[in-house]
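Work through the exercises below with the sequence and the 3D view open. Try each task before you read its solution.

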Amino acid sequence: MHSDPNISASFSNEDGYPSRRSSASAISPGFSDNRLSGEGSPMTMSPWNQTSSSNPKSSWSQFGENVPQNCLIGSMTREEGHIYSLATAGELLYTGSDSKNIRVWKNLKEFSGFKSNSGLVKAIVISGDKIFTGHQDGKIRVWKVSAKNASVHKRAGTLPTLKDIFKSSINPSNYVEVRRRRSALWIKHSDAISCLSLNEEQGLLYSASWDRTFKVWRVSDSKCLESISAHDDAVNSVVASCEGMVFTGSADGSVKVWRRELQGKGTKHVFVQTLLKQECAVTALCVNASCSVVYCGSSDGLVNFWEREKQLSHGGVLRGHKVAVLCLASAANLVFSGSADKTICVWKREGVVHTCLSVLTGHNGPVKCLAVGEDKESSAKNPRWVVYSGSLDKSVKVWSVSETAEGGVSSFRSEGGVSSFRTDAEGADSVGGGSHKRR
């Protein structure tokens, strides 16, 4: 196997730059403060109804001070593929889809883009001047921004590197058995990459795959340090946390905890415990900024959480969706859950109680990925966040969310204060259908 040849990072004019091919609709002046509009029929709520957005082509417009606290700012649509991955870095937003293009947006306008020969882009993470993308073909590609032109991204390599593949292939002991009675090098993923996670402090990149493993890479030299056979089915999510803790979630229904420990001259990740074992697939994981709470989304629509201060004891269940939770994100005291029901629940944590502040609606397809950045107008009294959501309706929507927002959703707390329930603005639970085992 060989890496893709170096390709030009910037799109040519034939690819439609500047943004005249982009569909972006901003919030209208008459936007209603009742932003928790319910969806229509069960058919329109179905995750299989993935019709693309019909937003007219228009440029972005600035929103004013009268925008409601939790509301839609605007929407971006490109008719080239379903959105599978998002990542933010300062003013830049990176979007990956099942096309060969990775789009870059700046200040809510299309800025640049770069191409990959692999097609579907399932994960994006950013470390300094490097952008890592995980793909359906099992490869991780590394990109760098050109020093001469910030809009140009050039491919800097592929993980594993050609050099490491060649060196490893010489030794028969470096081959491991994979499914379908074949063997492969342990440093290579033998199936699609589902998730990427960074430990910036230690300079480590974690990759999860449908091949049932997660691998550990050193960012500085792109070397694969370790491969762990973690689960009995596809690993859908991996999250690096504080003090060497790593969490993995799988289609086998389990959430496992791993810890990086010193062994001899190096380090190894050792299994610590299983937090969850259930019939439904685990589809998403998230750890809050203080590393005090671990969240897990499942194909049954539930979000379980565990509290680190209590030795990772189970804290409760958030019941905001009736069908699969496909993605999770957190910021300060807020947690966001995106679902196949096309909605995003905004949860606020106060002690052990989570309250659903609002339900963001507007997508016409399942919400596949989320990213969060701090709003420029955020303050200590009114923390505000910009939330980006990518969907299988081929759109990315941008939301303004405040921690102090109130009203619109009924919140019910169970005895013991460990879980919350919500209803939509019109009092009806979300409906939908479908099964999701692999991300």
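Seven bridges join strand β27 to strand β28 (residues 353-360), and the two run antiparallel. Strands here are DSSP runs (E, at least two residues), numbered from the N terminus. Two strands pair if DSSP finds at least two bridges between them. The model is predicted: local features need pLDDT of at least 70, side-chain atom pairs count only at pLDDT 80 or more, and totals for chains, interfaces and linings use all residues. Residues are numbered from 1 along each chain as its sequence is written, and side-chain values use heavy atoms, with hydrogens and water left out.

**Exercise 1. Describe the surroundings of β27.**

Step 1. Start with β28. The bridge partner of Trp347 in that strand is Cys356. Two residues lie between β27 and β28 in their hairpin, and Gly351 in the turn has a positive phi of about 65°.

Step 2. Turn to β26 (residues 334-339). It pairs with β27 in the antiparallel sense over five bridges. Leu334 has Lys348 of β27 as its bridge partner. This hairpin has four residues between the strands, and Lys342 takes a positive phi near 80°.

Step 3. Check the cover. Buried means under 20% relative accessible area, exposed over 50%, and partly exposed in between (1.4 Å probe, protein chains only). Five of the seven residues of β27 (residues 344-350) are buried.

**Exercise 2. Find the salt bridge that starts from Arg349, and place both ends.**

Step 1. Apply the rule: a side-chain nitrogen of Lys or Arg within 4 Å of a carboxyl oxygen of Asp or Glu. Arg349 meets it with Glu307, the closest N and O atoms being 3.9 Å apart.

Step 2. Locate the ends. Arg349 is in strand β27 and Glu307 in strand β23, 42 residues apart, so the pair links distant parts of the chain.

Step 3. Classify them. Arg349 is partly exposed, with a relative accessible area of 21%. Glu307 has 8% and is buried.

**Exercise 3. Which residue forms a salt bridge with Glu243?**

Step 1. The partner is Arg308, with the closest N and O atoms 2.7 Å apart.

Step 2. Glu243 lies in the loop between β17 and β18, and Arg308 in the loop between β23 (303-307) and β24 (313-319), so the pair ties together parts 65 residues apart in sequence.

Step 3. Glu243 is exposed at 67% relative accessible area. Arg308 is partly exposed at 26%.

**Exercise 4. How many disulfides does the model have?**

Step 1. Look for cysteine sulfur atoms within 2.5 Å of each other. The count comes to one.

Step 2. Name the pair. Cys242 and Cys291 form the disulfide, their sulfur atoms 1.9 Å apart. The link is right-handed, with 65° about the S-S bond.

Step 3. Place the pair. Cys242 is in the loop between β17 (235-240) and β18 (245-250), while Cys291 is in the loop between β21 (282-287) and β22 (293-298).

Step 4. Compare with the cut-offs. Cys242 is partly exposed at 29% relative accessibility. Cys291 is buried at 8%.

**Exercise 5. Judge the confidence of the model.**

Step 1. Use pLDDT, the predictor's confidence in each residue, from 0 to 100. The chain has a mean of 80, and 77% of its residues reach 70 or more.

Step 2. Mark the low stretches. pLDDT stays under 50 over residues 1-68. Residues 407-435 also stay under 50.

Conventions. Contact means heavy atoms within 4.5 Å.
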